[in-house]
Amino acid sequence: MEIYRKRCEELNKAREILYRKIKSSLPQEEKDKPYTDLEKYLDLVYEIKRKDESVPVYSKAIQTALDNEAAVYIPYFDHPLYLTGPIVLNSGNSLKVHPA
């Protein structure tokens, strides 16, 4: 268990380093763009049955956020985000996802 914990810590540190590198390589206007958090649209998330369990589907929430906002940020969730269809980014849209 100790080895697993140490490996998780190493991976988290590596993710943070990668995130900082990616952020520092973005043009200034991308860094300053006001992103709307997807959590504002979580009321549009619904569940479906998949292999005898209910899983949350985020397609409608993400697409509605992109339709209403120029830039959307998907924060870290402790579970997978299931999609049931394509996500369309129109001209001028920006989608930023937590690097985890």
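Which residues does Ser 59 touch, not counting residues up to four places away in sequence? They are Tyr 82, Leu 83, Thr 84, Gly 85 and Ile 87. Keep in mind that this is a predicted model. Here is a friendly tour of the chain, starting with its overall plan.

**Overall plan**

- The chain contains three helices and five strands.
- Following the sequence from start to end, you meet these elements in the pattern α-α-β-β-β-α-β-β.
- Of the 100 residues in the chain, 23% are buried.
- Among contacts with a separation of 6 or more, 54% join residues that are 24 or more positions apart.
- About 7,400 Å² of the chain is exposed, and carbon and sulfur atoms supply 54% of that area.

**The largest nonpolar core**

- In soluble globular proteins, nonpolar side chains tend to be buried together.
- Ten residues form the largest nonpolar core here: Leu 38, Tyr 41, Tyr 58, Ala 61, Ile 62, Ala 65, Leu 66, Val 72, Ile 74 and Phe 77.
- Two elements, helix 3 (59-68) and strand 4 (71-74), each provide at least two residues of this core.
- Helix 3 gives the largest share, with four residues.
- Leu 38 is one of the core residues, and you can trace its contacts in the structure: leaving out residues up to four places away in sequence, Leu 38 touches Tyr 58, Ala 61, Ile 62, Ala 65, Val 72, Tyr 73, Ile 74, Pro 75 and Phe 77.

**Back to Ser 59**

- Ser 59 belongs to helix 3, the helix that supplies four residues of the largest core.
- Is Ser 59 buried or exposed? Ser 59 counts as buried because its relative accessibility is 9%, and the cut-off for buried is under 20%.

**The loop between strand 2 and strand 3**

- Most residues other than glycine have a negative phi, which makes the next two residues worth a look.
- Lys 51 is not a glycine, yet its phi is positive, at about 50 degrees.
- You can find Lys 51 in the loop between strand 2 (46-50) and strand 3 (53-57).
- Asp 52 lies in the loop between strand 2 and strand 3, and its phi is also positive, near 65 degrees, although Asp 52 is a residue other than glycine.
- Are these loop residues buried or exposed? Lys 51 counts as exposed because its relative accessibility is 71%, and Asp 52 counts as exposed because its value is 80%; the cut-off for exposed is over 50%.

How values were computed. Residues are numbered from 1 along each chain as its sequence is written. This is a predicted model: local features need pLDDT of at least 70, side-chain atom pairs count only at pLDDT 80 or more; totals for chains, interfaces and linings use all residues. Side-chain values use heavy atoms; hydrogens and water are left out. A nonpolar core is a set of buried Ala, Val, Leu, Ile, Met, Phe, Trp, Tyr and Cys residues joined through side-chain atoms within 4.5 Å. Buried means under 20% relative accessible area, exposed over 50%, partly exposed in between (1.4 Å probe, protein chains only). Contact means heavy atoms within 4.5 Å. Accessible areas come from the Shrake-Rupley method with a 1.4 Å probe; for residues, only the protein chains shown count as cover.
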